[in-house]
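User: Could you take a close look at the aromatic ring pairs in this model and at the residues that form them? I would like one connected account, with the cut-offs behind each term.

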Amino acid sequence: MGKVYVFDHPLIQHKLTYIRDKNTGTKEFRELVDEVATLMAFEITRDLPLEEVEIETPVGKATSKTIAGKKVALVPILRAGLGMVDGMLKIIPAAKVGHVGLYRDPETLKPVEYYVKLPADVEEREFIVVDPMLATGGSAVDAISAIKKRGAKNIKFMCLVAAPEGVKAVEEAHPDVDIFIAALDEKLNDHGYIVPGLGDAGDRLFGTK
């Protein structure tokens, strides 16, 4: 079973308070999401494997460490996931970026992929799927399925705020996927919004209603 990590770092919790605040405007909201994504990227890459290399410093030869093994791919779930990508690229600039776009057919309620574009070397990469919200879990489950269908073997999911219902849905559908969360909230309301949550992340990032 995949593990669930809830980050308790003071900087993340501090910035998340302002992300939640309804009085935070679009510009500041966008900057805060970017900053928290950077901080979360620092934590989520903690287990990347290292290898030793020989280098020459200005003083002499040295054996030092560099990241080895799997290359990283970031996959935002459109559209709100886009708000977290730049912040992560500050820490992992060599990462490739894929995209997954989904919508639910209003009649069948089944997910429809309208856009999936991933790096060519799917099997060699560690994928980090990002979306600010994990509410019902439907989008996350479907996005992870779409990536697995194309050959990905190593996937993590990262979000700002999650409801217990969403975490359970991802755990049940994808028990091999670790989940990284800045805050685990109380519940979903009748409209499928996370309580207390932060509202609609896409609207707040892009200034839409």
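Analyst:

**The aromatic pairs and their surroundings**

The count of aromatic pairs comes to three, where rings of Phe, Tyr and Trp (its six-membered ring) pair if their centres lie within 6.5 Å, and where planes under 30 degrees apart count as stacked, over 60 as edge-to-face and the rest as tilted. Tyr5 and Phe180 are a stacked pair, because their ring centres are 4.7 Å apart and their planes lie at 10°. Since Tyr5 belongs to strand 1 and Phe180 to strand 11 (residues 178-184), this pair ties together parts that are 175 residues apart in sequence; helices (H or I, at least four residues) and strands (E, at least two) are DSSP runs, numbered from the N terminus.

The model is predicted, so local features need pLDDT of at least 70 and side-chain atom pairs count only at pLDDT 80 or more, whereas totals for chains, interfaces and linings use all residues. Residues are numbered from 1 along each chain as its sequence is written, and side-chain values use heavy atoms, with hydrogens and water left out.

Turning to exposure, Tyr5 is partly exposed, with a relative accessible area of 31%, while Phe180 is buried at 6%; buried means under 20% relative accessible area, exposed over 50%, and partly exposed in between (1.4 Å probe, protein chains only). Phe180 also forms an aromatic pair with Phe7, and this pair is tilted, with 6.1 Å from centre to centre and 45° between the planes. Here too distant parts of the chain are linked, for Phe7 sits in the loop between strand 1 and helix 1 (10-20) and Phe180 in strand 11, 173 residues apart. Phe7 is buried, its relative accessible area being 9%. Through such ring pairs, Tyr5, Phe7 and Phe180 are linked into a cluster.

Strand 1 (residues 4-6) also holds Val6, which is partly exposed, with a relative accessible area of 41%. Together with Val4 and Leu184, Val6 forms a nonpolar patch on the surface, with about 220 Å² of accessible area between the three. Patches are made of residues with over 30% relative accessible area and no salt bridge (a side-chain nitrogen of Lys or Arg within 4 Å of a carboxyl oxygen of Asp or Glu), with like charges joined within 9 Å and nonpolar side chains (Val, Leu, Ile, Met, Phe, Trp, Tyr) within 5 Å. The accessible areas come from the Shrake-Rupley method with a 1.4 Å probe, and for residues only the protein chains shown count as cover.
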